[in-house]
Amino acid sequence: MDSASQSAKEAFEAALGVLKAALAHVANGDVGPIKAFYSHRDDATSFYGWGGYEKGWDEVSQRWDWAAERFKGGTVSHRNITTVLGADLAYTTDIETFSVKMSGMEQPTQWSNRVTHVFRFEDGGWRLLHRHANRLEDQYEPSKRLGAG
C-alpha cells in the first residue's frame, strides 16, 4: 500500500471513530456531534428504524432533533460486517446495539440494528451522507408477514 492509500485509510478510520463517538452521544440524547459530522447538503438522506425517510440537510437535521428527545441515556456498541473505501465514497455495514433508557419507558431497553452508513469525502474530510438503520430480526418467511393467501 502506498503512502497516499495509507493516509486515505487512516483518515477514514478516524472518521469512523468520529461516527462511533457521535452515536454514543446520541444514546445520551445529544445529537450535536452527529449533526456536525453529517453532510449538510441537499442530497443527504436518512432511513431510520422508526419509519419514514428524510432527504436534504434540513429534514435530516430535524429527524436527529426528534431522536434526541427520545434517548435518555445509555450505550451503543458496533460490530463491523464490511467496509468499502473508495476515493470519494465509502460505506460500512454494521450491527449496532443500543442499551438505553427511552422516553415513555420506565426500564432501559436493548435492541440491535443492521446499519449501513454511506460516507462522502467533501470539503477536505469525510462526512456521513446516508444512514439506514432498521431492527435486526431473524430471517422469516415473507408470506407470513405479507398475508399470503
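**From a strand pair to a pocket**

Phe71 stands opposite Met102 in S4. Start there, and keep in mind that this is a predicted model. The strand that holds Phe71 is S3, which covers residues 71-85. Its partner S4 spans residues 89-102. The two run antiparallel, and 12 bridges join them.

Now step back to the whole sheet. How many strands does the open sheet have, and in what order? There are 6 strands, in the order S2-S1-S6-S5-S4-S3. The pairing is mixed. At the edges sit S2 (54-55) and S3 (71-85). Each of these edge strands pairs on one side only.

Move along the sheet to S5 and S6. S5 covers residues 109-122, and S6 covers residues 125-135. They pair in the antiparallel sense over 10 bridges. Here Asn113 stands opposite Arg135 in S6. S6 also pairs with S1, a strand of residues 45-47. In which sense do S1 and S6 run, parallel or antiparallel? They run parallel, joined by 3 bridges. In this pair, Phe47 faces a residue of S6: the one opposite is His132.

Look next at the turn from S5 into S6. The two strands form a hairpin with 2 residues between them. Asp123 lies in this loop. Its backbone deserves a second look. Most residues other than glycine have a negative phi. Asp123 is not a glycine, yet its phi is positive, about 55°. Is Asp123 buried or exposed? Asp123 is exposed, because its relative accessible area is 70% and the cut-off for exposed is over 50%.

Last comes the largest pocket. Its space is about 310 Å³. Which residues come closest to its centre? They are Gly49, Trp50, Phe71, Trp111 and Asn113, out of 19 that line the pocket. Two of these names are familiar. Phe71 is the residue opposite Met102, and Asn113 is the residue opposite Arg135.

Which elements supply at least two residues each to the lining? Two helices do: H1 (3-26) and H3 (57-68). The strands S4, S5 and S6 do so as well. By class, the lining has 12 nonpolar residues, 4 polar ones and 3 charged ones.

Trace the path once more on the structure. Begin at Phe71, opposite Met102. Cross the sheet through S4, S5 and S6 to S1 and then S2. Then return to the pocket, where Phe71 is among the residues closest to the centre.

Note on methods
Residues are numbered from 1 along each chain as its sequence is written. This is a predicted model: local features need pLDDT of at least 70, side-chain atom pairs count only at pLDDT 80 or more; totals for chains, interfaces and linings use all residues. Side-chain values use heavy atoms; hydrogens and water are left out. On a 1 Å grid over the protein atoms alone, a cavity is a set of points where a 1.4 Å probe fits but cannot get out, and a pocket is an open set with protein on both sides within 12 Å along at least five of seven lines; lining residues have an atom within 4 Å of a point. Grid points are joined across faces, edges and corners, and a volume is the space filled by probe spheres set on the points. Helices (H or I, at least four residues) and strands (E, at least two) are DSSP runs, numbered from the N terminus. Ala, Val, Leu, Ile, Met, Phe, Trp, Tyr, Cys and Pro count as nonpolar, Asp, Glu, Lys and Arg as charged, and the others, Gly among them, as polar. Two strands pair if DSSP finds at least two bridges between them. Buried means under 20% relative accessible area, exposed over 50%, partly exposed in between (1.4 Å probe, protein chains only).
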